Every structure is written in C-alpha cells, then in structure tokens.
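Me: I should like to go through this model with you, one feature at a time. Please set out the reasoning before each conclusion.

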Amino acid sequence: MSDYLAISEEIRALGRQAEREIMPYFSRINEICEENTEKVLAAFAKNRVSDNLFAGTTGYGYDDHGRDTLDRIYADLFGTEAALVRIGFVNGTHTLSCAMFSAVSTGDTVLSVTGPAYDTLQNTITGDGCGSMKRYGIGYKQVDLVDGRPDLPAIDKAVRDDAVKLVFIQRSRGYAVRQTLSCAEIGEICKTVREAGSRAVIMVDNCYGEFVETIEPTQVGADLVAGSLIKNPGGGLAPTGGYIAGRADLVENASYRLTAPGIGGECGATLGQNRLLYQGIFMAPHTTAQALKTAIFCAKVMEMLGYEVSPKAEEPRYDIIQTIAFGAPDPLRRFCEGIQAGAPVDSFVTPEPWAMPGYDDPVIMAAGAFVQGASIELSADAPMREPYVCYMQGGLTYSSGKAGILLAAERIQKQRRA
C-alpha cells in the first residue's frame with residue numbers, strides 16, 4: 001500500500017515532530033467541541049427529534065415537518081427568531097445573495113465593512129448581469145480594513161449615511177491576505193453601528209466559521225447570518241444546501257428570494273435528504289474540530305518547511321482555513337497535487353488551474369470529496385496570482401487530514417531534492 005501513499009521517512013519524522021509540538025493546542029479545540037455538541041443535543045431534545053422527521057417530501061413539499069423542525073433547531077443554535085435551512089440553495093454564494101436581498105431595495109446602499117466581498121459574491125453586488133444589485137439600483141460602498149482589522153472610526157462615519165440599509169461583514173478571509181474575524185470583533189462592529197444611530201441590518205457571511213467558537217455572530221449583535229451546508233454545519237454529510245438565520249422578517253424575505261413572493265419557505269421538497277441534514281448538524285461540532293486540528297498540523301508542518309503560514313499553529317482560530325504563502329506557482333501546484341493524492345475520491349487526478357465561474361483569475365483546486373465542492377472535506381485552492389497564497393481547509397478526520405498534509409509536504413520536498 002506504500003506505493004499509493006508514498007511518504008518518505010524524512011517527512012514522516014517531520015510530521016511526528018510537528019505533532020508533538022501542536023498537541024497542547026488540541027485541548028482547547030476539544031473543549032469547544034464538547035460545549036457545541038451539548039448545545040446541539042439540547043436543541044435536538046428541545047425540538048423532540050424523532051426518526052419520523054427524516055422522511056422527505058416530494059412535489060411542493062407542503063407540511064414537511066422534518067424540514068420545519070430543522071429550521072427551529074438552527075434558530076436555537078444561532079440564538080435567532082427564525083432560520084431557513086434548504087437543499088434548494090445551490091452554494092454559499094446563492095445563500096448569501098438571498099440573505100442580502102432580504103434587507104435592501106432600489107435606492108438603498110450596501111456597506112461592506114471588511115473590504116471587498118468574496119470574489120463570487122461581487123457579481124451579486126456590483127455585477128452587470130441580470131438580477132444583480134447594481135441592476136436593481138442598489139448602491140455599494142465599502143470600508144477597507146486597516147492592518148487586517150476593522151476600521152471602527154471609518155465604519156462609524158460611513159453608517160451615518162441614511163441610504164445604508166445593509167452592513168455586510170465577511171467573517172472569513174476569502175481570498176484576501178488578512179485575519180479572520182472573531183465573534184468578539186464582529187460584536188465591536190455591531191456596537192459601533194448601533195452607537196452611530198444606524199438601524200441598518202447587520203449581516204455576516206458566516207462561511208467556514210460555524211462551531212469554531214462557542215458563540216455565533218447573531219449572539220453578539222448581528223441581525224442575520226448565512227452559510228453553506230457543505231461547509232461546517234453540514235458535518236460532511238449534507239449533500240448540498242445552505243442556511244440563513246436571524247430576524248424573522250429578514251428570514252421570510254430571504255425565503256421569497258429563494259422561491260417566489262408569497263410562497264417562501266412553505267414550499268421546498270426535501271426529497272429524502274432530511275436525515276443527512278439532521279445527522280450533519282449533529283456531527284458538525286466534531287467534524288469542525290477535526291478540520292481545525294488538521295489546519296494546525298498543516299500550519300506547523302509547512303512552517304517547518306520554511307513557508308509563511310496564517311494563522312500560526314499556536315494562534316487562536318476563528319475559521320477552519322489555513323493559508324500558506326508559497327511566493328511562486330510551482331510549490332503551490334505541488335502542494336495541491338499532494339492534497340489531491342491524499343483524497344478518498346479522485347486521488348489519481350492531477351489538479352490544474354482553470355477558469356472557474358465567478359473568479360477573475362485561473363484557480364487551482366484540490367478537492368477529492370464525497371460531496372462535490374464540500375470544503376469541510378480536505379481541500380486546497382488558490383487563485384494563480386501573486387503572492388501565490390494557498391487556502392487549505394477541511395478534513396473529515398484528523399488522521400486522514402494529516403496524511404494529506406504529509407503527502408503535500410512530500411511532493412514539495414521531492415521537487416526540492418530534484
């Protein structure tokens with residue numbers, strides 16, 4: 001079997017050393033996982049989960065008690081009035097777009113306070129295509145980060161514009177070279193907005209951040225959060241979908257964007273997928289913890305190989321993403337090849353940069369997942385542009401994630417030896 005997972009003793013020794021150094025950091029992750037697991041169990045008990053809720057509906061999807069109960073569970077977990085959990089959301093961008101449109105109409109302005117939105121979401125906000133906010137006459141402004149952190153004085157000034165009806169916060173770094181925001185920092189932004197007298201809706205792109213802390217952005221002042229089920233909250237089991245949680249009126253408005261005005265969340269057949277969504281959110285705290293441990297291992301190994309990483313192994317984490325700055329295209333490609341080789345699906349494939357929809361630059365992506373595009377599973381991707389920073393995330397189990405990182409390190413070292 002070593003022919004398929006060829007890792008030299010040099011790299012295995014490096015991995016053992018790295019693991020010895022990072023073990024003390026795992027205890028905090030375990031504590032967070034246990035607290036979040038208890039929170040999920042409590043939500044299941046409160047909502048009287050039974051296997052009769054796992055049966056799906058077809059057609060219109062009327063009276064889907066499993067679907068509606070799952071909405072209430074998500075609302076409890078995020079501490080909100082309502083939630084919308086649907087397999088009809090095709091990805092995170094779709095989910096976020098529906099959530100954003102819940103708060104604005106023609107003549108309003110969206111204010112992003114964490115710099116530019118994620119690449120694919122920019123088409124929703126400022127794109128020229130049919131259905132974009134720009135085409136609806138919705139304006140856009142942004143406040144850039146200062147040294148990677150929110151510029152609170154500039155935010156205070158910007159939100160005093162009465163046209164600003166939506167304050168948008170991107171929790172994770174996306175393809176930017178910056179730190180991920182903690183819930184405490186998001187709370188400071190929310191406090192700044194409210195102290196400025198603004199009644200704008202505060203919305204957080206929560207992708208990659210769920211269950212990394214013991215609280216969520218809606219528990220520190222955000223009105224609305226949204227994310228993808230094939231990231232943290234799906235636990236590696238959800239086959240597709242997204243969630244929106246927050247104020248009841250905003251969630252209802254978002255449901256009209258997903259389906260149609262007057263129909264909203266009343267329709268939406270679950271097609272036998274309810275069990276996977278329930279089991280996924282049950283597994284989510286544990287699976288997120290596995291991904292975090294994989295990220296810490298990656299940080300230590302790649303730092304030992306001489307690359308700049310963020311966060312460092314010993315630093316606090318507020319999402320599951322690990323960045324590695326390669327500075328050149330070749331080691332970046334080698335790293336992605338190794339991650340792909342360590343995947344349970346399509347391990348024989350060699351990732352190549354390509355023009356992915358919604359991105360301005362060619363993107364290389366290593367993703368051999370049971371669920372296509374699921375970034376809670378071990379994956380790595382990067383826009384092929386300077387400074388050639390790779391974004392690694394996921395890992396359904398720490399053991400498999402560790403193997404993938406070692407294979408990536410082996411590919412890099414093999415090229416160095418040559």
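Me: Which residues of helix 10 are buried?
Reply: The model is a predicted one, and a residue is called buried when its relative accessible area is under 20%. By that criterion, the buried residues of helix 10 are Y398, G401, G404, I405, L406, L407, A408, A409, E410, I412 and Q413.

Me: What covers the buried residues of helix 10?
Reply: Contact requires heavy atoms within 4.5 Å. The cover of the buried residues of helix 10 includes strand 12 and three helices: helix 1 (9-46), helix 8 and helix 9 (329-341).

Me: How far apart are the end C-alpha atoms of helix 10?
Reply: Helix 10 runs over residues 398-417, which is 20 residues. The expected span is 1.5 Å times one less than the number of residues, and therefore helix 10 should span 28 Å. The end C-alpha atoms agree with this, being apart by 28 Å.

Me: Which residues touch the most other members of the largest nonpolar core?
Reply: This core has 84 residues. Its largest share, 10 residues, comes from helix 8. The residues that touch the most other members are M302 and F335.

Me: With which residues is F335 in contact, leaving aside its neighbours within four places in sequence?
Reply: One contact of F335 is M302, the residue named with F335 as touching the most other core members. Two others, A408 and I412, are among the buried residues of helix 10. In full, the contacts of F335 are C298, M302, I324, F326, A380, C390, M392, A408 and I412.

Me: How many residues of helix 2 are buried?
Reply: Helix 2 covers residues 65-78, and its buried residues include R67, D71, L77 and F78. They pack against helix 1, strand 1 (82-86), strand 6 (224-228), strand 7 (242-246) and helix 8. Helix 2 is mostly covered, and of its 14 residues the number buried is 10.

Me: Is T270 buried or exposed?
Reply: T270 is placed in the loop between helix 7 (248-258) and helix 8 (274-304). Beyond its neighbours within four places in sequence, T270 is in contact with G56, T57, D64, R67 and I87. Its relative accessible area is 5% and the limit for burial is under 20%, so T270 is buried.

Me: What is the relative accessible area of T288?
Reply: T288 lies in helix 8. Not counting residues up to four places away in sequence, T288 touches E210, F211, V212, N232, I320 and I376. T288 is buried, and its relative accessible area is 0%.

Me: How far apart in space are I169 and L181, C-alpha to C-alpha?
Reply: I169 is in strand 4 (residues 164-170) and is buried, with a relative accessible area of 0%. L181 is among the residues that I169 touches, as are V113, I186 and V204. I169 and L181 are 12 residues apart in sequence, and their C-alpha separation in space is 9.2 Å.

Me: Which helix gives the largest share of the lining of the largest pocket?
Reply: The largest pocket holds about 1200 Å³ of space. Its lining has 41 residues, with M356, Y359, M365, G373 and A374 nearest the centre; by class, 21 are nonpolar, 15 polar and five charged. At least two lining residues come from each of strand 10 (363-367), strand 11 (379-383), strand 12 (389-393) and helix 3 (92-101). The largest share, three residues, comes from helix 3.

Technical notes:
Residues numbered from 1 in each chain as written. Predicted model: local features only at pLDDT ≥ 70, side-chain atom pairs only at ≥ 80, totals over all residues. Heavy atoms only, no water. 1 Å grid on protein atoms, 1.4 Å probe; cavity = no way out; pocket = protein on both sides within 12 Å on 5 of 7 lines; lining within 4 Å. Points joined across faces, edges and corners; volume = space filled by probe spheres on them. Helix = DSSP H or I, 4+ residues; strand = E, 2+ residues; numbered from the N terminus. Nonpolar A, V, L, I, M, F, W, Y, C, P; charged D, E, K, R; others polar. Buried < 20%, exposed > 50% of the residue type's maximum accessible area, 1.4 Å probe, protein only. Core = buried A, V, L, I, M, F, W, Y, C linked by side-chain atoms within 4.5 Å.
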